[in-house]
Amino acid sequence: MIFIPDSKTNLGANLDSSDKKVNFRLYSKNATMVILCIFEKATGEDPVMNLVMKKSPKGDIWETSVKTYALKDLKEPFFYGYRIFGPNWEYREDFEVGSGIGFKSKVDENGNRFNPNKLAYDPYSKELSHLPSDVSSNLEIFRSGENYHLIDNAKEAPKSVFFKDSLKPVAKLEPRAFSKEIIGEVHIKDLTRNLDMKERGTYSGAAKFAPELKKAGFTMIEFLPLHEFDHREDGQNYWGYMTLNYFSPARKYAYDKSFGKTLEEFRYMVSEFHKNGLKVCLDVVYNHTGEARIHYHNNDDASLMSYALIDNSSYYKLTHNSCEDGCATVDKPQKKYYRQNSGCHNDTNSTNEGFYNLVADSVAFWARQGVDAFRFDLAVSLMDVSKEDNARYCPHTSLCANLSDELRKRGIKVIDDPTQAQEGIMLIAEPWTCGGANCYQLGSFPQNWMEWNDVARDTIRRSALYGSHINLKDVINIFEGTKSRFKNKYGAINYICCHDGFTLYDCNSFSKRDPNTQGGSDWEICFDNYNNEDIKENAIKKELAMLFLSKGVPMMQTGDIIMHSKCGNNNSYNRDDETNYYDYTTACTGGTFENRIFNFCKNLIKLRKDNSVFSSKDYDEKLVCYNEHAQQLDKNSENFWSDYSKNYLGIRVDDREEGFFIAFSKHPFDYKTKLPEAHAGKNWYVVFDTSNKEHTTFENKPFFGLEYILNPNSLVLFREA
């Protein structure tokens, strides 16, 4: 199956249906004059056209059109941007670029930052000509401070690239239940940077590597941000969580960096993934941008590149308090600062119609390029319904509550039951943000959102590393899909480690982070396992077993399957080097620790895929709990479940077709347990024991009788056959 992608957008620059003109449409509620500037080259030249746009009588949209014959002398693609006037900088016919004619203030009492000396690229660009740091390493030409606000940056500023789209067909996947996915999270460059291929570190390199991801067992790859960003921002911004444009794929990752080719190469990658049965998920960052920030705590001196120039108070949340230095000093009303609950210089304004529509338009655009799922960074920001200084989160009336309906209006279906094979995309929330009252909202998102489950993360780690810190109620809660949070919904995406924090290997190899880590947190639940390889291997296998035998969708970093280490760095956002790049050599070498984990994990994935009970909607209802004497436990016995001294739990998967028994121990010593009787005509067999190095392949191993000696802190899976 194939489909033809669609690159048309409601706003931005689009060819009309007859190919006879290019229509330009820009949202700005507070602008008073917009001038479209068209360039023949990306840098070094003045515009060849300056066209005054008109505001639509039906809304806050500025429009103009250019006949294609008028563009015939321009090479394709061509480049464009906008000069915009507003209340703080009024338009006058005698205005000259590089002057202060019409200037009133750098920022007014309503937060307007219009400055026609700065060229704004289009928020709906399909491609940016270059990055801000390519032309100004210190961003001076983009700043509004006293020494910079009259500098005309149009010759050097990034511009929107207009090109005629090739629209090559993309392979399409048959619908399948999202509950059956095995998610691998990865930075696109890390995946292939160390491989011997000319396309390494690119979309094309990832496409070529797709068969290997399939062999490993993954069914969906979640890429760290691929929207255009400036990798030099803040010294080094390797991960890409400072988005510049929500419709442009990052050209840094294109093998062919010619203008107009990046989107085509991105689609090629998606198509190759689909041919290998792999879904593609994008990590998207709509809670803040890589643009707006205050320099040196001076509210007059801000970076202005696009959104802030087009309509600062519409695109960003503003506050009367300055939080740049972490304090909350009240300033004069005319000095509106950027609110930053995101912790990244600004918060986008999800209550504003323009940004609200941009998010829905962006998600719909990428869905039409073949993207199957979206993971929303700090998604609670999209729950914010406050127009005031302080955030107020509401899951019922906010953008996140209405996004599915907005996407439906744009022809995009959202999966509403992850346990059924449905057409559509999946919405995934990181259910917290960095600031604001009640900013932790795990389990509060609408029914059709999946959510990253940090309760599973913390409990699984403690179960292997600090068993005395959890009780059996915590343990069964994870196997049952974290019912404490997801009471009436199949919503958990379970994980042990992700890009934020330690790798799986490091989590089990270090008791604290490397002190040289820049910006790393000390919150990690980690332990060096006494630097004993046997203890470490058992702990890692136990964590993996809990992940894949629990209700919910399992996710892991793709590098964790090969035991990638960052040498104790738990915040490698700024490391474009071997800290992050994967090396597959040791994991593919027989007899190594890494190879045993690699094989164990691959077989765990296969076990989950081959036995549908683990991904069933009612999996939690099939779990029956036993004590070490094979006596069934009363789930209402609060004294037992809350007793931290209880160290053993037996969990029978009571399914006639696919019967299993999980023997879980957090005991520091050997522990004798008894299994319940097998069903008539069947016997129990050992599938794996996390403490046994030989158990990397999961054949049914003979087991006589019902008693079994559990090694310290181990997990054993039995199969009924």
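This is a short tour of a predicted model, with a suggestion at each stop for what to select.

**The whole chain**

Start with everything shown as a cartoon. You are looking at 13 helices and 33 strands. Along the principal axes, the C-alpha atoms occupy a box of roughly 95 × 55 × 45 Å. For 721 residues, a compact globule would be expected to have a radius of gyration near 27 Å, and the protein agrees with that at 27 Å. Colour by accessibility if you like: 64% of the 721 residues count as buried.

**The largest pocket**

Next, select Trp239, Cys344, Cys434, Asp500 and Asn571. Among the 35 residues lining the largest pocket, these are the closest to its centre. The pocket itself has a volume of about 860 Å³. Colour its lining by class and you should find 13 nonpolar, 15 polar and seven charged residues.

**The cavities**

Now look for enclosed space. The structure has five cavities of 30 Å³ or more, and the largest of them holds about 100 Å³. To centre on that cavity, pick His187, Asp190, Gln557, Lys566 and Tyr582, the closest to its centre of the 15 residues in its lining. By class, this lining has four nonpolar, seven polar and four charged residues.

Move on to the second largest cavity, with a volume of about 70 Å³. Residues to select in its lining include Asn287, Arg339, Asp347, Asp384 and Tyr393. Here the classes come to one nonpolar, six polar and three charged residues.

**Two cysteines**

Show the cysteine side chains. How many disulfides does a search of the whole structure find? The result is zero. Try Cys281 as an example: the closest cysteine sulfur to its own is in Cys498, and at 13 Å this is too far for a bond, since a disulfide needs the two sulfur atoms within 2.5 Å. Then go to Cys567, which is also in no disulfide, with the nearest cysteine sulfur, that of Cys526, 15 Å away. Is each of these two cysteines buried or exposed? Cys281 is buried, at 0% relative accessibility, whereas Cys567 is exposed, at 56%.

**The loop before helix H12**

For the last stop, select Thr592. This residue sits in the loop that runs between strand S26 (553-557) and helix H12 (593-610). Thr592 has a relative accessible area of 19%, so it counts as buried, the limit being under 20%. Add Asn595 to the selection and draw a distance: the side chain of Thr592 reaches the backbone nitrogen of Asn595 at 2.9 Å.

Terms used: Residues are numbered from 1 along each chain as its sequence is written. This is a predicted model: local features need pLDDT of at least 70, side-chain atom pairs count only at pLDDT 80 or more; totals for chains, interfaces and linings use all residues. Side-chain values use heavy atoms; hydrogens and water are left out. On a 1 Å grid over the protein atoms alone, a cavity is a set of points where a 1.4 Å probe fits but cannot get out, and a pocket is an open set with protein on both sides within 12 Å along at least five of seven lines; lining residues have an atom within 4 Å of a point. Grid points are joined across faces, edges and corners, and a volume is the space filled by probe spheres set on the points. Ala, Val, Leu, Ile, Met, Phe, Trp, Tyr, Cys and Pro count as nonpolar, Asp, Glu, Lys and Arg as charged, and the others, Gly among them, as polar. Helices (H or I, at least four residues) and strands (E, at least two) are DSSP runs, numbered from the N terminus. Buried means under 20% relative accessible area, exposed over 50%, partly exposed in between (1.4 Å probe, protein chains only). A polar contact is a pair of N or O atoms within 3.5 Å; within protein, one must be able to donate a hydrogen and the other to accept it, and residues adjacent in sequence count only if both atoms are side-chain atoms. The radius of gyration is taken over C-alpha atoms; the globule rule is 2.2 Å times the number of residues to the power 0.38.
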